[in-house]
Structure formats: C-alpha cells, structure tokens
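Biologist: I'd like a close look at one part of this model rather than a quick tour of everything. Could you pick a sheet, take me through it strand by strand, and then show me what surrounds it?

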Amino acid sequence: MSLTLNHHMDNLFLYGLKVVQTNQNQIEKEWEKILSHLKETDEKFAVNMETAIHFFTEYFFSQEGDSAGRDLHEQAASFHKNQFTITLLENAVHKVIQDKGNHSYQDHQAIQYLFSTISEDILTHPYHQTFSIDSFLNSLVNSNQLPIEWIAIVIKKDQSYVVEKWFNDVNRDLLLGNDSFHADTVYELSELLLGQMIKDKKKYNVLPIPHDDVTLLVCSQQDVTSQVIPFITYTLKMFENSRQSLKRIKQEQGWKDSVIMFNETIMRATNYKEAVENITAGFVNYLPFERCALFSYSVSEQTGIGLFGHRLDNQAIQNITEDISQFPIIQNNLQAVQLFGKTMNYPQPIYIKDASMGFPDRYIRQFNLRSVVIAPIFTSTSNKLFGAAILDQGAGNHFKVTQETFTALIKFGRSAGEIMAKYYSERPENEKKPATLHLSPREIEVMKLMAEGASTSEAAGELNLSEYTVRDYVSAIMEKMKASNRTEAVARAIREGLI
C-alpha cells in the first residue's frame, strides 16, 4: 500500500509526540517554572495556565500507544484556550530540546507541527462538532419541525445487529439498560425496538437508512413516514457533502504544512552545497518518499548531472552524467517545457508506474527501481529549469501518487528552484573557486560560455580574445578538471558549484 501525504504528516505528528514523551521530566519541570513565575506576577493568568498544563500533561503523558489523547476535547474545555498560552508551553518544550544538545532541526519542526495540529484541533473543535453524526442526528430528533420519535445507529457485531447509539427528545433509553439487545436481522431488531415503546406501537413505523458502514433506524408516525424519510435521506446527503468538504480542506492543509516546513528547511542553507543537501533531504522528510536523487540539467548539452543522493549511494549519484536522450519520457517533457516557454510556469511532475519504461536497464538494476516520480526543479520568475528530483518509496516498491502529493511536488520544485537560483548567482568567490582546481576568473568565464553551448569562435568574440587563446583556456580547464571532453568538464563545474 502506498504511503500518502496525510499518512506521512501523521507520522511527523507521532515523531513529535515521541520527542516530547522522551523528555517528559524536563518538560514538566520547565512548565512548573512558568507556572511558579505566573503565580507571582499574574494570578488570573496562572489559573488558566495551570489548567492548560494539566490538559497537555494528560494529552502527552497519560495515554498509551500512538493515539495519545486525541479525544480530550472535554478536558480542553476546562481552560480558556488561546494561542498565547499554547505558544508559551510549546516554547518551553523547544528550550528543553535545545538544552539537551543532541537535537536536530527536524526535532524542532516535529514539535512545532505537533503543537500547531493540537491547537488547531482544540481551538476549532466547536465548529467541527457541527459535522459529527451524533450532533446531526440529535438535532434532527429534537427539531420541532420533524415528527421523529427516535433514531438509532445500528452496527453489525459478531454476526448480530445491535444498537450502538440512541437519540430521542427526552433522552430515555428505549433499551432500558439492556445493552445485550440484538437480533439476526435489521428488521427483527426494528420489531424488538417497537415492542419496547410505551406508546401505541401500531401508530409507528421504523425504517432503515444505510449510512457509511452503519444503518440508521428512524422511527416516526405511520401517517407522516412518506414525507419524513425522503427529507432525512436528502439532509443526510447534504451533511455528508459538507463533511467531505471539511475533510478535503484538512487534506489541503496537510500539503500546505509540508510546503511550509520544506521552505523553512531549505532557507537555512548558507551556500550551494547546503542548499542541494537540504533540498534532497527535504523531499524525503516532508513528502511520502523514501529516497531522493537530485540532478541538475544543462540546456545546451542536454545533459543530466547527478548532484546528491539522500538514502542512496551518494557517490553513485554524483558519478552520473547522462545524455537526456537516454530518458525518452523526460526528454519529451523537457521539449514540451521549451516549446511552451513562459506560458508553462509550472512544469508538471512525471509519475512513472514502471521505471523500466523510462530508465536504462543499468539504473534499474543498480538502484532497484520500480515506481518513480520525477519532480522538476524550476523558477517561475525566470522560467529556468535547473534540474529534477527523482523520488521513490524504497527499492523495488510500487506506489501511486495522490493529488495532494502531486500539488506539493510542484510547490517543492519551485521553492527548490528559487533557492538554487539564489546560490547560482550569489555564491561567494571562495566557493566558486575551490582550492583543488585553482581556476582563474577568465577560465571561469570560458567555462560559463562552454556551459551555454558557445563555440570556440563565439566564445572568442564574446571575450574579445583570439580563437587560439580560447582553445588554450579550454585545454587548460580540461586538464585541471581531469575531463576527457567539454561535456564532462561542464558537468563537473556544475556539480562543484563553479558556474
């Protein structure tokens, strides 16, 4: 089964939870310091903070397993919820992790996501309640506009049908406490429930309405049943549409969260090398992928050049310099980008179900490829394609790509392109000229023209030099870089961050 973006974000939530639980003692001490200080300075705020600390202590530390407290809305109602209170507690957790010394930036991001998810959940819970089936059915039963006697939610359990929940306008338990009330069919259960009614049961009908994986039994007077049931069926449909809309909104928020964290990570880079490494790791850390290889693209040479591999043999990736014609699927998509030019601001990711349909056999065997995704790395402002990230969910694994992941891939590709563009143009001179190569400024100028596909005569004209002088520069560059041809020299220059 393919890992989805929502599942991936849930795993990030659980990772943040694990980090918090591992540091329980220190966190509780830090929260106690905050509370002690507030008791001395702001007694009213201290009371609310104490109840908030109690809630989060129960949420994080009093539950077992991975479900840790996700149903504690009732306890959350005990304190005045505001973002400032939650932020104070979150900052204390960050301080504890920072003081440990062996933390990572991903630890802090997981904690941030943990608290943001919890705060969003508890702060918006009153609105989400509107979309619970219990709240909806209770409203129907208690409405003065509908002659409904009661509604029951029926589930199948151990080959029998039983009443899971009960709704009526007087909160009277029709089962009279008999929780073992069950029947072999829904019809038999309906008859048993009618038999429990104190009123004249002959005046009432009980009709089943399928909903999700349960059955709703609706009891109303016989003379109005034909009007009530169509209305309930319609309102249930509207309710389900609204609930699905809310679900889609939450899914959309999932990919937005992943984009935000990816952007925060790659912006921490201070040079080209860090940018490449952060981009490659970010595609795996914040999207549902296990491996990522980042490649640059030379337009003039029509060449893909391996830059970095995350959870892959990095040296093997960096040894790759490949003519794009060896990858027909990629070449066709590149031609489309070049054909449409600036009208195509968002090059689309390419999903390949079977990598053998688009990659040479040697790479299939070397990296055990099956399904892969190719995400373009680009800038929308200058319409420049820098390269691509090739991703999968592990060696030999088949997977599919959801719409949310597809959308996030476009955003990731654009953000990665912008940060790579920054360091292509703003790298300091000591990074442009690694000590091991000792290229002169003029040699670097010649290298740039080589990368753009300029001929010897064109380069000579551009630099106001003779063709013989340019040939000497090219020969010197190839000798220094231990390259056998111009393409190999350009590939290494790009990989080393020279141009």
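Modeller: Happy to; I'll start with the whole protein, settle on one sheet and its central pairings, and then work outwards.

Please keep in mind that this is a predicted model. The protein has 499 residues, of which 46% count as buried, and its secondary structure comes to 19 helices and 11 strands. Among contacts between residues at least 6 apart in sequence, 61% link residues at least 24 apart.

The part I have chosen is an open sheet of six strands, ordered S8-S7-S6-S11-S10-S9 and paired in the antiparallel sense. The edges are taken by S8 (321-323) and S9 (350-352), and because each has a single partner strand, one side of each has no neighbour in the sheet. On average, neighbouring strands here are turned by 25° against each other, direction ignored. As a general reminder, strands of a sheet pair through backbone hydrogen bonds, and they can do so in parallel or antiparallel fashion.

Now to S11, which sits between S6 and S10 in the strand order. How covered is strand S11 (residues 384-392)? Eight of its nine residues are buried, so we can call S11 mostly covered. On one side, S11 is joined to S6 (residues 291-298) by six bridges, with the two strands running antiparallel. On the other side, S10 (residues 372-379) pairs with S11 over seven bridges, again in the antiparallel sense.

A few residues let you follow these pairings by eye. Leu391 is a good place to begin: in S11 it is the bridge partner of Cys292, and Val373 also stands opposite Leu391. Further along, Gly387 in S11 is the bridge partner of Ile377. When you look at the side chains, it helps to know that in a regular strand they alternate between the two faces of the sheet.

Next, what lies on the sheet? Helix H19 packs on the sheet and touches S6, S7 (303-310) and S8, and its direction makes about 35° with that of S7. H19 (residues 486-496) also packs with another helix, H16 (residues 441-451), at an angle of about 110° and with the axes 10 Å apart. That angle makes H16 roughly perpendicular to H19, and the crossing is left-handed. From H16, the residues in this contact are Met447, Met450 and Ala451, and they meet Arg486, Ala489, Val490 and Ala493 of H19. By type, six of the contact residues are nonpolar, none is polar and one is charged.

There is also a loop worth visiting beside S10. Asn368 lies between helix H13 (361-367) and S10, and its phi is near 50°, a positive value in a residue other than glycine. Most residues other than glycine have a negative phi. Is Asn368 buried, partly exposed or exposed? Its relative accessibility is 40%, so Asn368 counts as partly exposed.

For a counterpart, turn to the other open sheet, in which five strands follow the order S3-S2-S1-S5-S4 with antiparallel pairing. Its edge strands are S3 (182-183) and S4, each pairing on one side only. S4 and S5 pair over eight bridges in the antiparallel sense, and within that pairing Pro210 stands opposite Thr215 in S5. The loop between S4 (204-211) and S5 (214-221) holds Asp212, whose phi is also positive, near 55°. Asp212 is exposed, with a relative accessible area of 55%. This sheet has a helix lying across it too: H7 (residues 133-142) lies across S1 (148-157), S2 (160-168), S4 and S5, at about 150° to S1.

One last stop is His8, whose place is in helix H1 (residues 5-22). His8 is buried, because its relative accessible area of 13% falls under the 20% cut-off. Apart from its neighbours within four places in sequence, His8 is in contact with Leu3 and with Val284, Asn285, Tyr286, Leu287 and Pro288.

Notes
Residues are numbered from 1 along each chain as its sequence is written. This is a predicted model: local features need pLDDT of at least 70, side-chain atom pairs count only at pLDDT 80 or more; totals for chains, interfaces and linings use all residues. Side-chain values use heavy atoms; hydrogens and water are left out. Helices (H or I, at least four residues) and strands (E, at least two) are DSSP runs, numbered from the N terminus. Buried means under 20% relative accessible area, exposed over 50%, partly exposed in between (1.4 Å probe, protein chains only). Contact means heavy atoms within 4.5 Å. Two strands pair if DSSP finds at least two bridges between them. Axes are lines fitted to C-alpha atoms, for helices over the stretch in contact, and angles run from 0 to 180 degrees between N-to-C directions. Angles under 35 degrees count as roughly parallel, over 145 as roughly antiparallel, 65 to 115 as roughly perpendicular and the rest as oblique. A crossing is left-handed if the near helix is turned anticlockwise from the far one by less than a right angle, and right-handed if clockwise. Ala, Val, Leu, Ile, Met, Phe, Trp, Tyr, Cys and Pro count as nonpolar, Asp, Glu, Lys and Arg as charged, and the others, Gly among them, as polar.
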